Amino acid sequence: MNTLAITSSEVRAGCLEATHRRAAVEAVTRWGYVVLKDVVDAAHVEVLRHRMLEDVEQILSRREIPTQFTAGHLQQDPPPFAPFLFKDVLLNDLVTDVTEAVLGRGVKNTFYSGNTNLPGSETQPVHADIGQLWPNLEHAHPAYGLVVNVPVVDMGPENGSTELWPGTHLDTSIAIQDGNIRVAAERVAAQRAVADPVQPVVYAGDVLIRDVRMWHRGMTNRSDEPRPMIAMIHNCAWWKDAQIPFPKGTESFFRHDRLNTSAVFVDEPIDYIGRTTRFDVRH
């Protein structure tokens, strides 16, 4: 399942052992994803879990609920201010070891949001978050963006962990210029004949890193509780994207030797509940 058991000594040192770094980079490069186990402090996860679960009710009370593709999958931002900012979530050294090794020096976080899978949700269509940089490629180019998922509850098939399609980050049938990130049914059928998708178990405190081009989809949550998950995107240094608002006074928090954050620091309150929007890209 491309899962690496990270040692407590690695966590304390803030550095992956060489064998783990090589294994993680190979997994991301070859299969499109890797899971690093136990790299986020349980106490930090608990703080985020309680707040994000509380926020679900506010999101559901909005006039327009910010669903992703289908009913039951919410776009949900974590609170972007103290006491909910944690280094091992936003600036995790072990995660950066992997993303920098894949993407090169100057890697930066250009996204801080998440998604919550509600009980009884529908299944999303298979899609890629972003496609290849150019259309009609014979071979896929190297990675330019990696999604960093931090679940704040244990997630597996029962409560709708994300379904992943290993190796599809190397498929060249979807490009940014297409304006459509859904995977056509015939492409899904052809890929299933090559390799079945996986729905990994990822525990609170683990981190899932996947290529932004990888096919995936949100699955039905068959449990009685929402399943929140934080999402960031680490991009190459040259990637341009919108800045993430954080409160003034938190500038020093984001100082990091290797990971830049595309942040803008603002005086006004940040409406992290109301700023998310409904999302769908259809044929």
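**Close-up views of a predicted model**

**View 1. Glutamate 10 and its surroundings.** The side chains of glutamate 10 and histidine 20 are joined by a polar contact of 2.9 Å (a pair of N or O atoms within 3.5 Å, where one must be able to donate a hydrogen and the other to accept it, and residues adjacent in sequence count only if both atoms are side-chain atoms). This is a predicted model, in which local features need pLDDT of at least 70 and side-chain atom pairs count only at pLDDT 80 or more, while totals for chains, interfaces and linings use all residues. Residues are numbered from 1 along each chain as its sequence is written, and side-chain values use heavy atoms, with hydrogens and water left out. Glutamate 10 is buried (under 20% relative accessible area, 1.4 Å probe, protein chains only) yet has no salt bridge (a side-chain nitrogen of Lys or Arg within 4 Å of a carboxyl oxygen of Asp or Glu), and the nearest side chain of opposite charge, arginine 21, is 7.5 Å away.

**View 2. The largest pocket.** This pocket, an open set of points on a 1 Å grid with protein on both sides within 12 Å along at least five of seven lines, has a volume of about 900 Å³. Its lining (residues with an atom within 4 Å of a point) comprises 39 residues, of which Gln68, Gln75, Phe111, Ser113 and Ile233 lie nearest the centre.

**View 3. The largest cavity.** The largest cavity, a set of points where a 1.4 Å probe fits but cannot get out, has a volume of about 30 Å³. Among the residues that line this cavity are Asp171, Arg213 and Trp215.

Terms used:
Buried means under 20% relative accessible area, exposed over 50%, partly exposed in between (1.4 Å probe, protein chains only). Lys and Arg count as positive and Asp and Glu as negative; His and the chain ends are not counted. Grid points are joined across faces, edges and corners, and a volume is the space filled by probe spheres set on the points.
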